[in-house]
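Open your viewer and get ready to select a few pieces one after another. At each stop you will hear what to pick and what is there.

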Amino acid sequence: MDQAKIEAIVQAVLAELAKTGATSAAPAPAPSAPSPAAPGDLVIDLPDPTRPEARRAIGVDHPYDLEGLRNLAATTTARLAVGRAGPRPKTRTLLLFQADHGVTQDAIYGEVNPDVLKQFDLFTVQTQVRDRQEYLLRPDLGRRLSDEAKRVIAERCVKNPQVQIVVGDGLSAAAINNNLPQIFPVITQGLKAAGIRMGTPFFIKFARVGVINDVNEIVGADVVVILIGERPGLGVADALSAYMGWRPGPGKTDAHRDVICMITANGGTNPLEGGAYVVELIKKTLKYQASGVELKLKSAGAG
Ligand code: B12
């Protein structure tokens, strides 16, 4: 078959598809001339799947109701309407997943920026965890302060404050780097404005939420708040949580704690707003002298 005949067949098929609306629903990207690459360069001839418009693009070929599908996909960050290549994910779905996964790895293995800690005069202590690998494998050690940490906290911290704030890297250094500069001043100024006495804040490396029990054995605060990096998800990797409890100590569990989660400028509670919530929750905890389930019961009982 000669070239002219092949082109005629292709044109006829495209015209048929256009009539059914199939090609207009999911137009194939116009083939672009490959950019000149130096020998040895990695060349990926797909648009970058992490760009916002590519991330939200509908991947289903010839959808019955494109608008309906767009609306459905817009209601969630879940990977909907991605389509498939036979029984497998499309290449761009796979690349986007791998890119997002890379961001979570960076968040987990990243280091909190010392300049951010310096900005608020936070000194650093460490839990009984020795390195990041051990942190991931032994959450129990992340809930215990090292002997050195206990000594330094005892030496440097004001005792028996109303509120003790600590910052922990947790599972996302990016959460601290990106959100602490906004949330920290809102909390400290909010507490000051309310006449609430604050202790000496500090940073705990390799921290888990339960470490607030150990902290409070030394400082003896009424409320301890830990601002800590959340486990990163495949969409948001820099979310911060504020976990807090009334008089934490040995034997206190998550049932005695409250959490304000998903504090991030990337699709969560903005850190400035998050700081204001934290202050409100601290006031409520002080008022009812309770946290967690007990706080819910007491505040509900009070009407
Ligand atoms: C991992 C996780 C869990 C794990 C924790 C196990 C572990 N050892 O890591 C499991 C599956 C057990 C869990 C259970 C629950 N979770 Co949960 N969990 C998470 C998740 C995905 C990540 C938390 C994280 O990264 N923490 C930071 C790391 C560094 O902390 P950590 O010390 O390693 O782990 C502690 C905390 O994660 C804490 N924790 C986990 N969930 C909750 C919930 C509450 C209310 C509290 C006070 C503490 C707490 O428990 C761990 C052990 O102390 C978050 C989602 C998010 N966006 O944060 C939801 C999240 C915090 N969980 C939530 C809820 C509701 C619960 C449950 C109450 C669900 C239920 N109905 O049973 C239970 C209760 C938790 C408890 N410990 O008593 C909600 C809280 C909503 C809110 N604002 O109150 C979140 C935000 C999920 C959501 N979007 O709905 N959870």
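**Stop 1: helix 9 and helix 11**

Select residues 173-193, which form helix 9, and residues 271-288, which form helix 11. Turn the view until one lies in front of the other: helix 9 passes helix 11 in a right-handed crossing. Keep in mind as you look that this is a predicted model. Two packed helices are described by the angle between their axes and the distance between the axes. For helix 9 and helix 11, the angle is about 35 degrees and the axes are 8 Å apart.

Which residues of helix 9 meet helix 11? Show the side chains of N179, Q182, I183, V186, I187, G190 and L191 on helix 9. On helix 11, their partners are P271, L272, G274, G275, A276, V278, V279 and I282. Try colouring this contact by residue class: 10 of its residues are nonpolar, 5 are polar and none is charged.

**Stop 2: helix 11 and helix 12**

Keep helix 11 on screen and add residues 292-301, which are helix 12. The axes of helix 11 and helix 12 come within 10 Å and cross at roughly 75 degrees. Why do helix 11 and helix 12 count as roughly perpendicular? Angles of 65 to 115 degrees are called roughly perpendicular, so that is the word for helix 11 and helix 12. To see the contact, show K284, T285 and Y288 from helix 11 together with L295, K298 and S299 from helix 12. The classes here are 2 nonpolar, 2 polar and 2 charged residues.

**Stop 3: helix 8 and helix 10**

Now pick helix 8, residues 147-156, and helix 10, residues 211-219. Their axes cross at roughly 40 degrees and come within 9 Å. Helix 8 and helix 10 are therefore described as oblique to each other. The crossing of helix 8 over helix 10 is right-handed. Three residues of helix 8 to highlight are K150, I153 and A154, which meet V215, I218 and V219 in helix 10. By class, this contact holds 5 nonpolar residues, 1 charged residue and no polar ones.

**Stop 4: around the ligand**

Select the ligand and show what surrounds it. How many residues are there around the ligand? There are 18, and the closest are G170, R208, V209, R231 and D254. Next, highlight residues 257-263: this is strand 6, which gives the most to the shell around the ligand, with 5 residues. In the shell, 9 residues are nonpolar, 3 are polar and 6 are charged.

**Stop 5: two residues with positive phi**

While strand 6 is selected, click on M262, which lies in it. M262 is not a glycine, yet its phi is positive, near 55 degrees. Is M262 buried, exposed or partly exposed? M262 is partly exposed, because 16 other C-beta atoms lie within 10 Å.

Jump to N160, in the loop between helix 8 and strand 2, which covers 163-168. N160 is another residue other than glycine with a positive phi, here near 50 degrees. N160 counts as exposed because it has 11 C-beta neighbours inside 10 Å.

**Stop 6: two more loops**

Find P250 in the loop between strand 5 (240-246) and strand 6. P250 is exposed, as just 8 other C-beta atoms are within 10 Å. Draw a distance line from its C-alpha atom to that of E217: the two are 33 residues apart along the chain and separated by 8.0 Å.

Then go to V60, in the loop between helix 3 (52-55) and helix 4 (66-74). With 17 C-beta neighbours inside 10 Å, V60 is partly exposed. Leaving out residues up to four places away in sequence, V60 touches L69, A81 and G83. Add K90 too: V60 and K90 are 30 residues apart in sequence, with 9.9 Å between their C-alpha atoms.

**Last stop: the whole chain**

Zoom out and show everything as a cartoon. The chain has 12 helices and 6 strands. Of its 303 residues, 32% are buried. Among contacts between residues at least 6 apart in sequence, 68% join residues at least 24 apart.

Conventions: Residues numbered from 1 in each chain as written. Predicted model: local features only at pLDDT ≥ 70, side-chain atom pairs only at ≥ 80, totals over all residues. Near = placed C-beta within 6 Å. Helix = DSSP H or I, 4+ residues; strand = E, 2+ residues; numbered from the N terminus. Nonpolar A, V, L, I, M, F, W, Y, C, P; charged D, E, K, R; others polar. Buried ≥ 20, exposed ≤ 12 C-beta atoms within 10 Å, placed from the backbone. Axes fitted to C-alpha atoms, helices over the stretch in contact; angles between N-to-C directions. Left-handed = near helix turned anticlockwise from the far one by under 90°. Contact = placed C-beta atoms within 7 Å. Parallel < 35°, antiparallel > 145°, perpendicular 65-115°, else oblique.
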